[in-house]
Amino acid sequence: MNIPIDYYLILSGFMFIVGVAGVLTRRNAIIVFMSVELMLNSANLTLVTFSSYLGNSIGQLFVFFVMTVAAAEAAVGLAIIIAMFRNKLTLNIDEINILKW
Amino acid sequence: MLQLIYLTTLLPLIGFLINGLFGKKIKNEKIIGIIGSGTIGISFLIVLGAFFQTLALPVDQRQTIVNLFSWIKAGSFSVQAAYQIDQLSLVMALIVTGVGFIIHVYSIGYMHGDKGFGRFFAYLNLFIFAMMNLILADNFLLMFLGWEGVGLCSYLLIGFWYDRKFEKSTTSDAAKKAFVVNRIGDFGFLLGMFLIYLTFGSLNFNDVFSRAASLNIPTYVFNFMALFLFIGATGKSAQIPLYIWLPDAMAGPTPVSALIHAATMVTAGVYMVARCSIIYASAPAIMTVIAVVGVLTAFFAATIGLVQNDIKKVLAYSTVSQLGYMFLAMGVGAFTSGIFHVMTHAFFKALLFLGAGSVIHGMHDEQNIQNYGGLKKYMPKTYITFLVASLAISGIPPLSGYFSKDEILWYSYANGNFLYWFIGAVTALLTAFYMFRLVSLTFEGKERFGHDKHPHESPAVMTIPLIILAVLSAIGGFIGIPELFSGDHGNQFENWLEPVFKPAQTRLAVFGVHSHAEEIILMVVTLIGVVGSIYAARYIYIKNNKPAENLSKRFKGIYNLLLNKYFVDEAYDAVVVNPMVKGSEKVLWSFADVKIIDGLVNGVADLIGRISGSIRKIQTGVAQFYALMMMLGIVVALFWIILSL
């Protein structure tokens with residue numbers, strides 16, 4: 001069975017928009033974080049799709065890179081979130097606004 | 001000797017460096033004095049050698065240019081550091097080094113024990129260096145270097161005793177006044193120099209003067225040139241309206257007053273006018289201005305001199321007055337007579353100042369002539385030399401002042417008009433009167449000083465220079481015996497200088513025909529008047545003081561006017577100085593500087609502060625807001641890329 005490439009791309013775009021909406025609208029730092037992961041994975045899906053469609057393995061190779069970086073980023077990010085929670089006793093990013101004038 | 005002329009400036013410079021840099025370490029006054037005056041003595045011998053060498057040359061080859069090095073070269077503009085030795089510069093150089101040497105020697109005695117002994121000789125040597133450059137320069141720029149240099153030395157030496165009080169303020173104020181007033185004149189000199197370069201395309205004397213004589217240049221250009229240069233001369237040579245600095249310059253040590261403010265520097269203006277005679281001869285209107293300024297300065301300064309009580313002040317006004325005579329001579333085209341008077345005046349005025357210095361020295365820094373009296377028995381040598389100088393300046397034949405002053409008076413009548421002669425002759429009477437008032441009050445009559453003073457004659461190192469100058473004052477006039485007496489071979493001094501002034505005389509050509517009878521009548525009238533006023537002064541100030549007191553009481557207004565020097569200083573303060581100070585304070589400082597300039601700078605900073613103060617609110621600190629902005633940015637960028645595909 002041959003699924004047309006459009007489907008993959010539409011799914012990927014949808015995932016990306018969900019991720020963006022999550023990053024921009026949610027207030028819980030962990031959910032924002034997960035939304036970022038969602039965006040990364042939508043990109044991964046696009047890479048894999050084109051790799052298979054074009055018969056070129058470089059795209060798949062790239063996905064591994066992204067996953068590695070995402071794993072590292074997740075470790076650092078979660079550590080930051082824990083450190084922040086210890087200081088502020090909240091994960092509401094509206095209250096974490098010390099990065100201003 | 002001619003090629004060695006550069007040594008006459010180099011040696012004083014070396015003397016200046018040695019005494020200036022190591023004077024404090026040498027400490028030994030003898031060594032400093034020998035270095036200081038020795039360099040000038042050798043310079044004098046060199047100039048003397050150059051003089052005799054030039055004398056041996058044929059008349060039309062008596063100008064020698066000694067080229068040292070190329071000083072400035074920029075495009076078509078080039079200035080050589082070169083010295084011009086001719087009849088005029090030799091006369092001046094002989095005066096400066098000769099009288100300068102005598103005064104240097106005198107200073108060894110006068111400055112004995114002063115803590116600034118080495119510094120004093122260093123400044124004096126620097127002065128001779130600058131003055132010789134002024135005289136020997138073969139172009140306007142090198143002359144200007146000397147011109148500024150002597151001004152600087154004058155400033156340094158007036159303020160030499162910077163820790164002493166002088167009148168209502170300090171000597172440094174007097175020095176500053178001299179410097180600032182001179183700068184006003186120098187500005188005129190600079191403008192004149194610019195105009196000369198613009199017109200003739202060169203600053204070299206020979207180029208400029210030959211072009212001035214041959215090219216066809218409109219008179220108004222010459223007028224401006226002559227006027228600007230003359231403004232420079234009024235500053236340096238203390239003429240109306242810039243004479244006010246010279247009386248204050250008496251704050252300096254007395255040898256300085258003798259050397260700089262009587263014999264040499266103040267005659268620089270006369271020398272400059274004589275050097276540029278062709279330019280002045282081409283500007284008859286300015287010649288009239290010079291004659292009028294000269295004769296008025298002579299008269300007004302003499303009237304002020306009548307009532308002054310400070311011995312040096314009297315001599316200072318006398319100097320201003322005599323300089324007025326010299327400019328009168330320049331103004332009526334009698335250039336040789338003017339230079340002749342420069343020379344004789346250098347002798348007797350230096351002598352008068354040195355004599356005054358000897359008196360001040362003997363009287364322990366007392367300068368008020370009302371507190372002198374009867375000093376002739378304590379200091380006979382000073383008295384006799386002072387008397388010779390006073391007779392010379394009054395114009396008693398056959399002393400030097402008689403020949404030079406009489407020649408000026410004669411030419412002011414022959415080339416000018418009766419009024420010049422009349423004011424000049426009245427000034428001569430006033431001169432005789434104030435000089436013999438000074439002599440009588442100082443050396444004769446009753447002793448008016450307290451018992452704490454023990455007047456004494458000065459040491460030989462001071463009296464020998466006095467005697468030499470007295471001899472020169474007595475016989476110095478014989479080189480310029482007028483044609484009237486000397487007969488066929490005419491006036492020697494005039495014959496010597498004649499080639500320098502020939503182009504100017506040819507252009508002027510105003511000499512009316514006058515008989516010797518007129519000359520004799522005017523001479524006799526002046527002479528009778530002078531002798532009369534000497535007798536009057538001696539009578540009033542030695543025997544019977546009543547007439548002077550009566551006069552000063554009856555004409556209290558005039559007396560006060562003279563005593564306060566016509567309130568010229570006050571008038572300048574009110575019209576120029578105070579408006580300048582107040583204007584700078586109220587307008588330039590409080591308004592222009594604080595409000596406008598500071599306001600502009602602070603305003604720019606304030607504006608940026610305000611704008612960024614409102615813009616920085618964008619930095620909310622909310623991470624999601626930043627993310628939103630990033631996304632919007634990406635969307636815009638994407639749209640742009642897509643639309644431009």
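The exercises below concern a predicted model with a chain A and a chain B.

**Exercise 1. State the confidence scores of the model and of chain B.**

Solution.
- For the model as a whole, ipTM is 0.81 and pTM is 0.82.
- For chain B, the mean pLDDT is 90.
- In chain B, 99% of the residues reach a pLDDT of 70 or more.

**Exercise 2. Describe the overall build of chain B: its secondary structure, extent, burial and contacts.**

Solution.
- Step 1, secondary structure: chain B contains 26 helices and 4 strands.
- Step 2, extent: the C-alpha trace of chain B spans about 115 × 65 × 55 Å along its principal axes.
- Step 3, burial: of the 645 residues in chain B, 49% are buried.
- Step 4, contacts: take the contacts in chain B between residues at least 6 apart in sequence; 81% of them join residues at least 24 apart.

**Exercise 3. Into which domains is chain B divided, and how far apart are the C-alpha centres of domain 2 and domain 3?**

Solution.
- Domain 1 covers 1-138, domain 2 covers 139-162 + 170-563, and domain 3 covers 569-644.
- Between the C-alpha centres of domain 2 and domain 3 of chain B the separation is 61 Å.

**Exercise 4. Characterise the pairing of strands β1 and β2 of chain B, and the cover of β1(B).**

Solution.
- Step 1, pairing: β1 (residues 64-74) and β2 (residues 77-85) of chain B are antiparallel, with 9 bridges.
- Step 2, register: B:Ile85 in β2(B) is the residue opposite B:Thr64.
- Step 3, turn: the two strands form a hairpin with 2 residues between them, and B:Gly75 in this turn has a positive phi of about 60°.
- Step 4, cover: β1(B) has 11 residues, and the count of buried ones is 0, so the strand is hardly covered.

**Exercise 5. Which residues make the contact between α1(A) and α26(B), and of what class are they?**

Solution.
- Step 1, whole contact: chain A and chain B each contribute 10 residues. The side of chain A that touches chain B has 7 nonpolar, 1 polar and 2 charged residues.
- Step 2, helix geometry: α1 (residues 5-25) of chain A packs on α26 (residues 623-644) of chain B at an angle of about 140°, and the axes are 8 Å apart.
- Step 3, residues: from α1(A) come A:Val20, A:Val23 and A:Leu24. They meet B:Gln624, B:Ala627, B:Leu628 and B:Met631 in α26(B).
- Step 4, class: this helix contact has 6 nonpolar residues, 1 polar and no charged.

**Exercise 6. Assign B:Asn133 and B:Leu10 to buried, partly exposed or exposed, and place each in chain B.**

Solution.
- Step 1, B:Asn133: the residue lies in helix α4 (residues 117-136) of chain B. B:Asn133 is buried because it has 24 C-beta neighbours inside 10 Å, and the cut-off is 20 or more.
- Step 2, neighbours of B:Asn133: leaving out residues up to four places away in sequence, B:Asn133 touches B:Thr9, B:Leu142, B:Leu145, B:Gly146 and B:Gly149.
- Step 3, a distance from B:Asn133: B:Ser358 is 225 residues away in sequence and 31 Å away in space, C-alpha to C-alpha.
- Step 4, B:Leu10: the residue is in helix α1 (residues 7-26) of chain B. B:Leu10 has 16 other C-beta atoms within 10 Å and is therefore partly exposed.
- Step 5, a distance from B:Leu10: B:Asp569 is 559 residues away in sequence, and the C-alpha atoms are 39 Å apart.

**Exercise 7. Where are the cis peptide bonds from B:Ile240 to B:Pro241 and from B:Pro397 to B:Pro398?**

Solution.
- Step 1: the bond from B:Ile240 to B:Pro241 has omega near 5°. B:Pro241 is in the loop between α8 (219-236) and α9 (245-248) of chain B.
- Step 2: the bond from B:Pro397 to B:Pro398 also has omega near 5°. B:Pro398 is in the loop between α16 (380-394) and α17 (400-416) of chain B.

**Exercise 8. B:Ala238 and B:His364 have positive phi values; is each buried or exposed, and why?**

Solution.
- Step 1, B:Ala238: phi is near 55° in this residue, which is not glycine. B:Ala238 is in the loop between α8 and α9 of chain B. With 31 other C-beta atoms within 10 Å, B:Ala238 is buried.
- Step 2, B:His364: phi is near 55° here too, again in a residue other than glycine. B:His364 is in the loop between α15 (335-362) and α16 of chain B. B:His364 is exposed because 12 other C-beta atoms lie within 10 Å, and the cut-off for exposed is 12 or fewer.

Conventions
Residues are numbered from 1 along each chain as its sequence is written. Chains are lettered from A and ligands numbered from 1 in the order in which they are written. This is a predicted model: local features need pLDDT of at least 70, side-chain atom pairs count only at pLDDT 80 or more; totals for chains, interfaces and linings use all residues. Two strands pair if DSSP finds at least two bridges between them. Two residues are in contact if their C-beta atoms, placed from the backbone, lie within 7 Å. Ala, Val, Leu, Ile, Met, Phe, Trp, Tyr, Cys and Pro count as nonpolar, Asp, Glu, Lys and Arg as charged, and the others, Gly among them, as polar. Domain bounds come from an automatic or database domain assignment. Axes are lines fitted to C-alpha atoms, for helices over the stretch in contact, and angles run from 0 to 180 degrees between N-to-C directions. pLDDT is the predictor's confidence in each residue, from 0 to 100.
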